[in-house]
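Biologist: I'd like to learn how the words we use for a structure are backed up by numbers. Could you take me through one?

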Amino acid sequence: MNATSSGLQLRRILVPIDFRGTTVSALCHAAAFARLYKATITLLHIVEPVGQELRRNISRECLIEELSEVGEGQIRKLVDVIWGEEIVTDIVVAGGKPYRQIINEAKETNADMIVMASHGGIGSWGLFRRDTTAKVVRHAPRPVLVVPALEPGFLVRASVEKY
């Protein structure tokens with residue numbers, strides 16, 4: 001079965017990026033779908049200044065702008081390492097509550113799927129319910145694929161593992 005005979009069409013995939021250890025796993029899974037369906041990937045990084053950052057004498061807006069520039073640069077480097085120009089990629093950096101921004105971006109870009117990394121055990125439903133991933137799963141306008149950290153056997157270029 002190929003992408004067109006399955007009836008599933010993916011034109012745009014949204015991938016929230018937070019630079020935790022599981023980010024590469026989400027990117028690799030999204031890239032596999034993007035290659036298969038020739039889809040565009042929108043990478044979304046959310047900046048939310050907290051505590052120590054807000055204590056500096058800088059306005060919240062300036063701080064978000066500063067963090068956004070750094071985040072976008074990091075995403076560009078990561079994309080260059082993982083897939084370069086092989087996959088059409090849009091980068092969006094926004095400020096706000098992560099789960100709300102993810103849901104809003106999925107609606108605004110008309111994403112066909114959201115691919116997110118899990119950030120720990122989901123065995124205890126009580127803990128999972130409060131997680132950003134769980135909120136997105138409950139409120140997303142499209143299907144959400146939650147992927148674990150890279151599992152054995154998933155092929156990744158050696159250079160990515162060094163990132």
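Biologist: Which residues of α4 are buried?

Modeller: They are Q101, I102, I103, E105 and A106. Buried means under 20% relative accessible area, exposed over 50%, and partly exposed in between (1.4 Å probe, protein chains only). This is a predicted model, where local features need pLDDT of at least 70, side-chain atom pairs count only at pLDDT 80 or more, and totals for chains, interfaces and linings use all residues. Residues are numbered from 1 along each chain as its sequence is written, and side-chain values use heavy atoms, with hydrogens and water left out.

Biologist: Why does L63 count as buried?

Modeller: Its relative accessibility is 1%, and the limit is under 20%, so L63 counts as buried. L63 sits in helix α3 (residues 60-82).

Biologist: What makes α4 agree with the span expected of a helix?

Modeller: A helix is a DSSP run of H or I with at least four residues, while a strand is a run of E with at least two, numbered from the N terminus. The expected span is 1.5 Å times one less than the number of residues. For the 12 residues of α4 (98-109) that gives 16 Å, and the end C-alpha atoms are 16 Å apart, so the two agree.

Biologist: Which residues make the contact between α4 and α6?

Modeller: Contact means heavy atoms within 4.5 Å. P98, Y99, I102 and I103 of α4 meet T132, K135, V136 and H139 of α6.
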